[in-house]
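Here is a short briefing for a first look at this structure. Keep the 3D view open while reading.

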Amino acid sequence: MAPNLKEEKPLVLLFGYDSSPFTNKVRLALRVKGIPFSYIPVPSMLPRPLLTSTFGVTYRKIPILAIGREIYCDTSLIIEALEHYFPVEEGYGSVYPKFEGGALDEWSYKGLVRGFASFWTDRPFFRATTGLIPSSVWSSPFGTDRSQLIGHTLDASKLESKIPQNLATFDLHLSLLEPTFTCHSTSKASADGKAKSPWLIPTPTPSLADISLYYQLRWGIDIASGKGIYNLTGGATSNTAHDITSSVFNAHRYPGIWTWFHAFEAYTSSLPDLETVVQEGDVSWKEKLKGTPLVEEGRMLVPAAVGWHEELDKRRGVGRGVRVAIAPDDTGRDNPTVGTVVGLGVEEVVIVPEGKGEIDVRVHFPRLGFVVRVVEGGAKL
C-alpha cells in the first residue's frame, strides 16, 4: 500500500471567483484528486491588490494557484502541477486514471486529452459559451474591464444580437461530441460482462477530458440563464433565471451527453468536499506561506516528455538570469508579468517577479498559449 503523505504537503491556495469557469475547472480537478485546499475569493475585475501586494504578480487572468510559495498561472499548467506534487503513489486521485484490463492498458491518452482541453473546450467552446452571456453584463463595469482585456470596445447590443448564432455554435459543439457518448453508457456491458465506462475516455473514473467538457458545459448553461452574473459583475447586475439552452441541450436531442453530464455530477458530488473558503480579511495564510520553503530545484518543473531545448531559447536570448516579460498570446497581452528567469523547460517558464510582494515566490507560466519576450535590460543578471 502506498504511503499517505498528505499531511506533509504545502498549503494549497486557489485564488478565483465563483462565476469564473476556469476557477471551477481547477476546483473539479482538486476534488477528483482529493486535495485539501483553501479557496480565496478575489474580484472578477482589476484591480486585485491581494495578488499584487502579496506575490508581486501583475498577470490578470484567473485562477491562480499557490502550492506553497510556487505560484501557478493558467489551468493547463495548474493541473499538471497538481498531478506532479500530489501523485497517485501518495494516495491521491488522478485526472489521468489508468485503464483496468483490456488492450488499452498501455495506451497513454494524456497528450490527446490535454489537447482536447487546451484547443477545444478552453478556446472555441469557451467562445461559444461566453457568447451566451446576457447583454446586461456587457453594459456593466465588467464589460469595460473585459474590453481592456480583449483590446477593443465591447458593444452590448451587438453582442446580444449574436446570441442566436452563438447558441447554434453551442449546438454544433454538442453534435460533434454526441457520438462519443452514445457508444457507451452505464446500462451497456462489454463482452466480459463488465459495465462500460460512462466517461469521455473509457477510464474507470473521470479524466481531465470529463472535467474539461463538464466545466464548460455547466458554465454555458448557467451563464446563459443569468445565474452567477451578480458575482461576475461585482454586484452590478442581478442574477436571473431565463431558459436559454434547454432547446439545444436536453435528453431527447443529446441523450448520450445528457446521461454522461448527470453521471459526472453524481460522481463528483459523492466525493469529499475538501475546500475551505477563506473569509474576507483573513490573511492568516500569509504567515504559513512565509514559513514554507521553496521546492527543491530538481522538482521545480513539472515533468515533460523531453528536456529543455536550450539552443532554441538561446537564439532568442532567453536563459536563466534573463529579464523577461510573459503574457498570454490571446487576451491580456497588455498586462505582462516581468521577472527574472530561474527555471526553463520545454513546457514551462519560471520567474522571480520584478514587482516585490510581501512573500518571495516563484511564478510558473506554461509555454502553451503564452509569449516570453526578453525586455530592455534583459541580459543575464
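In what follows, helices and strands are DSSP runs, numbered from the N terminus; a helix is an H or I run of at least four residues, and a strand is an E run of at least two. The model is predicted. The notes below cover the sheet, one annotated region, the helices and some backbone details.

**The sheet**

- How many strands form the open sheet, and in what order? There are 10, in the order β5-β2-β1-β3-β4-β9-β8-β7-β6-β10. Their pairing is mixed.
- At the edges are β5 (275–277) and β10 (370–374), each of which pairs on one side only.
- From one strand to the next, the twist averages 35 degrees.
- Within the sheet, β3 (residues 64–67) pairs with β4 (residues 70–73) in the antiparallel sense, over 4 bridges. Ile67 sits opposite Glu70 of β4.

**The annotated region**

- An unreviewed UniProt entry carries the annotation "domain: GST N-terminal" for residues 10–90.
- Over residues 10–90, helix makes up 38% of the chain and strand 22%. The end C-alpha atoms of this stretch are 14 Å apart.

**Helices on the sheet**

- Helix α1 (residues 21–33) packs on the sheet and touches β1 (12–16), β2 (37–41), β3 and β5. The direction of α1 makes about 155 degrees with that of β1.
- The 13 residues of α1 reach 19 Å from first C-alpha to last, close to the 18 Å expected.
- Why is α1 described as largely enclosed by the rest of the structure? Because 11 of its 13 residues are buried. Among them are Phe22, Val26, Leu28 and Leu30, and also the charged-name pair Lys25 and Arg27.
- Helix α3 (residues 75–85) lies across β3, β4, β8 (348–353) and β9 (362–366). It runs at about 140 degrees to β4.

**Two threonines in helix α4**

- Thr121 belongs to helix α4 (residues 110–130). Thr129 is also in α4.
- Is Thr121 buried or exposed? Its relative accessible area is 1%, so Thr121 is buried, the cut-off being under 20%.
- A polar side-chain atom of Thr121 lies 3.1 Å from the backbone oxygen of Ala117.
- Beyond residues up to four places away in sequence, Thr121 touches Phe116, Phe126, Ser212, Leu213, Tyr215 and Gln216.
- Thr129 has a relative accessible area of 0%, so it too is buried.
- The side chains of Thr129 and Gln216 share a polar contact of 2.7 Å.
- Leaving out neighbours within four places in sequence, the contacts of Thr129 are Phe170, Gln216, Trp219, Gly220 and Ile223.

**Backbone details**

- Most residues other than glycine have a negative phi, and most peptide bonds are trans.
- Gly34, just after α1, takes a positive phi of about 75 degrees.
- Which residue has a positive phi although it is not a glycine? That is Asp74, with a phi of about 80 degrees. Asp74 lies in the loop between β4 and α3. Asp74 counts as partly exposed because its relative accessibility is 21%.
- The peptide bond from Leu46 to Pro47 is cis, with omega near 0 degrees. Pro47 is in the loop between β2 and α2 (49–55).
- Another cis peptide bond joins Ile62 to Pro63, with omega about 10 degrees. Pro63 sits in the loop between α2 and β3.

Methods. Residues are numbered from 1 along each chain as its sequence is written. This is a predicted model: local features need pLDDT of at least 70, side-chain atom pairs count only at pLDDT 80 or more; totals for chains, interfaces and linings use all residues. Side-chain values use heavy atoms; hydrogens and water are left out. Two strands pair if DSSP finds at least two bridges between them. Axes are lines fitted to C-alpha atoms, for helices over the stretch in contact, and angles run from 0 to 180 degrees between N-to-C directions. Contact means heavy atoms within 4.5 Å. Buried means under 20% relative accessible area, exposed over 50%, partly exposed in between (1.4 Å probe, protein chains only). A polar contact is a pair of N or O atoms within 3.5 Å; within protein, one must be able to donate a hydrogen and the other to accept it, and residues adjacent in sequence count only if both atoms are side-chain atoms. UniProt positions are given in the numbering used here, feature names are shortened, and annotations may be inferred rather than shown by experiment. The expected span of a helix is 1.5 Å times one less than its number of residues.
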